[in-house]
Amino acid sequence: MASIEATYDHFTNPVDMVEQIATIRDWSFERSTPDELSLTVAGSWCDYHVSLNWREDLEALHLACAFDFRATQARLPEVYRLMANINEQLWLGHFDLWRQDGMLLYRNGLLLAGAKTHAGQCEGLLTAALEACERYYQSFQFVLWAGKSAEEALAATMLETQGTA
């Protein structure tokens, strides 16, 4: 995601800033409460459902980005292996599984601890989430739908093209 070249107002609640980013980017969103925002962002492989929650007492913004996979009981061990392998590679955030419904998601948080919210912080949080989901989507797909091992899935999807044709 390229940086937004817009002028932002100062917001004390970072959810307001993310709402403004969503408006500029023409992402559909729903604001259920002053401290919660749900976005739908089109990716290369699927639509990502991003939920942001502000905790005033912690001065922290939590992001959860879910995509259209449900892990079956039979594939759980391999999904956990894949998540562990992926999470070792991530600098920011992590992939997680909501065990009760098998939903896969990426999670991250932004601790402000008295700092003023600015667009770069919120954009960075969103960018990290969407890039991680785009990068590893096919790995999860290979494990869940093609029955591949975590190692096979990562090897097949992490090929880096070199040179030009």
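This is a short tour of one predicted protein model, stop by stop, for you to follow in your viewer.

**Before you start**

The model is predicted, so local features need pLDDT of at least 70 and side-chain atom pairs count only at pLDDT 80 or more, while totals for chains, interfaces and linings use all residues. Residues are numbered from 1 along each chain as its sequence is written, and side-chain values use heavy atoms, with hydrogens and water left out.

**Stop 1: the whole chain**

Switch on the cartoon view. You should find 4 helices and 6 strands; helices (H or I, at least four residues) and strands (E, at least two) are DSSP runs, numbered from the N terminus. Going along the sequence, the order is α-β-β-β-β-α-β-β-α-α.

Now color by burial. Of the 165 residues, 42% are buried. Buried means under 20% relative accessible area, exposed means over 50%, and partly exposed is in between (1.4 Å probe, protein chains only). The chain exposes about 9200 Å², with carbon and sulfur atoms supplying 51% of that area; accessible areas come from the Shrake-Rupley method with a 1.4 Å probe, and for residues only the protein chains shown count as cover.

How much of the contact count comes from residues 24 or more positions apart? Among contacts with a separation of 6 or more, they account for 51%. A contact here means heavy atoms within 4.5 Å.

**Stop 2: strands β1, β2 and β3**

Select residues 28-33, which are strand β1, and residues 36-42, which are strand β2. The two pair in the antiparallel sense over 4 bridges and form a hairpin with 2 residues between them. (Two strands pair if DSSP finds at least two bridges between them.) To see one bridge, pick Phe 29 and its partner in β2, Leu 39.

Add residues 47-55, strand β3. Here β2 and β3 pair in the antiparallel sense over 7 bridges, and this hairpin has 4 residues between its strands. Ala 42 has Asp 47 as its bridge partner in β3.

Stay with β2 and show its side chains. Which ones point to the buried face? Leu 37, Leu 39 and Val 41 do, while Glu 36, Ser 38, Thr 40 and Ala 42 point to the other face and are not buried.

**Stop 3: the nonpolar core**

Select Leu 39, Phe 67, Phe 95, Tyr 106 and Phe 140. These have the most contacts inside the largest nonpolar core, which has 50 residues. Helix α3 gives the most to this core, with 14 residues. (A nonpolar core is a set of buried Ala, Val, Leu, Ile, Met, Phe, Trp, Tyr and Cys residues joined through side-chain atoms within 4.5 Å.)

Center on Phe 95. Leaving out residues up to four places away in sequence, its contacts include Phe 67, Met 83, Ile 86, Tyr 106, Tyr 136 and Phe 140.

Next, find Ser 139 in helix α3 (residues 119-145). Ser 139 is buried, at 0% relative accessible area. Beyond residues up to four places away in sequence, Ser 139 touches Leu 82, Ala 153, Leu 154, Thr 157 and Met 158.

**Stop 4: two cysteines**

Select Cys 65 and Cys 133. Cys 65 is buried, with a relative accessible area of 0%, and Cys 133 counts as buried at 0% too. Why is there no bond between them? The sulfur of Cys 65 is 3.6 Å from the one in Cys 133, its closest cysteine sulfur, and that is too far for a bond. A disulfide is a pair of cysteine sulfur atoms within 2.5 Å, and the whole structure has 0 of them.

**Stop 5: the salt bridges**

Side chains of opposite charge can pair when their charged atoms come close. A salt bridge is a side-chain nitrogen of Lys or Arg within 4 Å of a carboxyl oxygen of Asp or Glu, and the count here is 6.

- Arg 55 and Asp 57: the closest N and O atoms are 2.8 Å apart. Arg 55 is partly exposed at 43%, whereas Asp 57 is exposed at 59%.
- Arg 81 and Glu 78: the closest N and O atoms are 2.7 Å apart. They sit 3 residues apart in helix α2 (residues 76-89), so about one helical turn separates them. Arg 81 is partly exposed at 42%, but Glu 78 is buried at 11%.
- Arg 107 and Asp 96: N to O is 3.4 Å. Arg 107 lies in strand β6 (residues 103-111) and Asp 96 in strand β5 (residues 94-98), so the pair ties together parts that are 11 residues apart in sequence.

Finish by selecting Asp 16, Glu 19 and Arg 31, which are linked in a network of salt bridges.
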